[in-house]
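Please consult the sequence and the structure shown here alongside this briefing.

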Amino acid sequence: MTHPDPPAIRITVHLHSILRHREGRIMNRLELDLPSGSRIEDVLRLLEVDEALEPVTALNGVIAPEETVLSDGDQVAVIPSVAGG
Amino acid sequence: MDTTSPRVLRINMETGEVRYEPVPEGWQRLGGRGLTARFLLDEVPPLCDPLGPRNKLIWAPGLLVGHMLSSVDRISVGGKSPLTGGVKEANAGGTTGMKMAWLRLHALIVEGGPPPDGSWKLLYVNAEGAHLEDASDLIGLGLKETGRRLMERFGPKIGISAIGTGGERLYLTAGITHVDSDRNLTRISARGGLGAVMGSKHLKAIVFDCPRSNQPPVVDREGFKDASKRYIARLQEHPQTSQIYTFYGTAAMVKMSNAFGGIPTRNFSAGSFEDADKISGETIHDLNESRGGLVSHACMPGCIIKCSNVYAGPDGQTLVTPLEYETIGLMGSNLGINDPDIIARMNDLANDIGIDTIDTGAALGVAAEAGLMQWGDGARALELLEEVRQGTPLGRIIGSGAAAAAKVLGVKRAPVVKGQAFSAYDPRAIKGTGVTYATSPQGADHTAGLTIRAKVDHLDPAVQVELSRSIQYNTAGYDSLGACVMGSFGFALEPAIVPDLINARYGWGVGPDFLRELGRQTILLEREFNRLAGFTPADDRIPEWMTREALPPTGAVFDVSPEELDTIYDTP
């Protein structure tokens with residue numbers, strides 16, 4: 001996926017549980033090019049993540065709120081909320 | 001015999017007497033966990049020896065059990081815990097609750113000491129009556145062989161509650177195991193050592209022989225049907241119960257817990273495991289599917305969520321059913337083990353011995369810290385579990401759980417409250433669940449009130465007590481209905497469903513506060529039993545080392561105020 005607005009950043013999104021099921025196959029991660037200044041919430045919007053999943057988002061392995069601004073090379077994890085084990 | 005009214009079946013193991021009684025008035029509106037709490041206060045001396053003749057065990061199906069309503073057929077087993085010294089209720093899925101409801105058993109009570117001649121018994125129950133039989137041929141057997149022989153003897157459609165060798169040997173990690181909907185004897189009322197109580201009375205198994213459906217009567221059939229329909233629709237609406245747990249099971253929790261820095265790692269010395277990907281729900285799903293295992297499986301007959309699984313090994317043969325998050329956390333990351341097949345084999349072994357994988361995994365973590373195994377050494381972990389099976393001195397220490405193992409092995413960092421091990425959420429990173437661990441009369445137990453899904457800052461100590469209190473009340477309510485935590489997602493979407501179901505089933509005319517109030521009253525009864533058993537505020541604390549030792553990567557300590565912990569149940 002590309003975005004026309006330079007300067008761009010490239011990030012990796014790690015998808016979890018049912019979010020991996022995209023376009024008829026399992027996709028554990030994908031790379032996104034975004035305009036600089038993009039936030040985690042922009043990623044959720046771009047990927048059309050269902051709000052009902054109440055996703056937990058992490059940046060480079062640490063929980064981060066959706067308004068966090070992203071940098072080039074960031075690793076973003078999107079994990080549907082669950083409870084009960 | 002009147003087989004239409006609910007009854008209490010009471011068995012005295014010492015005298016051999018088996019008798020049916022009417023349900024006492026004060027018990028008629030209680031079921032599941034609520035009934036276990038009332039029963040303990042009514043019948044069990046709080047200061048009794050948990051493994052002595054004055055302790056009793058109760059089996060109590062929840063109030064809505066018996067209708068094959070999805071995720072609402074759980075059985076509660078209660079007694080005084082030899083692990084915590086306090087109140088204990090351990091509930092499980094499987095078919096025991098349903099069979100008891102079909103046999104119109106409101107409760108089954110086992111009391112007294114072992115038979116004077118030292119023999120072991122099994123209890124056989126069907127619609128005509130109940131009697132004790134000799135069980136000497138089953139002694140020393142694991143649960144797989146026990147289940148096989150019982151089904152050979154009484155037919156494949158029986159319900160079973162049984163102990164393995166762990167219960168026979170009075171291990172404090174021993175649970176009571178029930179048959180699932182596919183005849184696997186693997187659904188365990190795991191926590192608190194109730195299997196040891198059953199073993200102390202020389203009762204190896206209970207057989208519930210009721211092959212045909214005999215659902216309990218319903219006062220308002222149409223109303224019940226309507227509320228059930230709405231409940232199922234809500235379960236189908238909620239992504240956790242209609243998709244995530246159906247395909248990934250509770251193992252979906254690995255990545256979330258790891259992201260919060262709360263997955264137990266190397267005896268709770270870190271909250272993030274570098275190999276979390278290798279033991280994640282996603283990895284287990286893909287591996288299991290490629291090997292021909294079942295990624296989705298119902299432990300109770302009517303369940304539509306099917307969060308259980310049947311995990312296959314590399315040869316396609318079943319390694320264990322089910323493989324769940326708590327076990328992955330305590331027997332995986334907590335030991336530095338990153339191989340799902342090793343965790344599955346450990347789980348299977350624990351199931352056969354009939355012991356709690358949480359407390360046993362935590363005890364192995366303590367043993368590793370004491371130098372008895374290297375972190376990540378799966379072969380050694382299996383060897384240690386084999387010692388538990390064989391009953392060697394070291395095996396008995398591990399089988400006694402994390403608290404006892406830490407004392408014997410000289411490990412200061414015991415991950416326990418009230419002598420019971422933490423589940424797979426570090427209380428420093430998920431502080432609301434830490435509050436539950438500290439304050440629940442049950443001892444450290446996520447099933448008493450798991451807060452990880454709440455949209456709060458899990459590191460902020462100020463918001464955790466209110467959160468935990470609310471979830472604890474509701475959870476104790478669900479535990480009294482016989483509802484699984486998974487079912488609560490459907491109920492929470494439309495709170496009127498629970499009172500509607502209760503009113504249609506019993507005609508009690510309960511209001512919207514029914515669930516929370518049922519739960520709150522249950523917890524207050526449990527707390528009263530503990531107070532009479534000698535518990536003080538000192539028992540409602542997270543271990544002191546967790547208030548000082550910062551947990552990587554968040555650097556969090558447990559810092560919820562003790563004053564708030566002490567007054568948590570003062571608020572309705």
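The points below cover the chain B fold, a sheet in chain A and the contact between the chains.

This is a predicted model, in which local features need pLDDT of at least 70 and side-chain atom pairs count only at pLDDT 80 or more, while totals for chains, interfaces and linings use all residues. Residues are numbered from 1 along each chain as its sequence is written, and chains are lettered from A and ligands numbered from 1 in the order in which they are written.

**Chain B**
- Chain B holds 21 helices and 17 strands (DSSP runs numbered from the N terminus: helices are H or I of at least four residues, strands are E of at least two).
- Of the 572 residues in chain B, 60% are buried, that is, 20 or more other C-beta atoms, placed from the backbone, lie within 10 Å of the residue's own.

**Sheet in chain A**
- An open sheet of five strands in chain A follows the order E4-E1-E7-E5-E6, with mixed pairing; two strands pair if DSSP finds at least two bridges between them.
- Its edge strands are E4 (29-35) and E6 (62-63) of chain A, each of which pairs on one side only.
- Strand E5 (residues 56-59) of chain A runs antiparallel to E6(A), and two bridges join them.
- Leu59(A) has Val62(A) in E6(A) as its bridge partner.

**Contact between the chains**
- Chain B contributes 29 residues and chain A 20 residues to the contact, where two residues are in contact if their C-beta atoms, placed from the backbone, lie within 7 Å.
- On the side of chain B that touches chain A, H7(B) gives the largest share, seven residues.

Definitions and conventions
A residue is buried if 20 or more other C-beta atoms lie within 10 Å of its own, exposed if 12 or fewer, and partly exposed in between; C-beta atoms are placed from the backbone.
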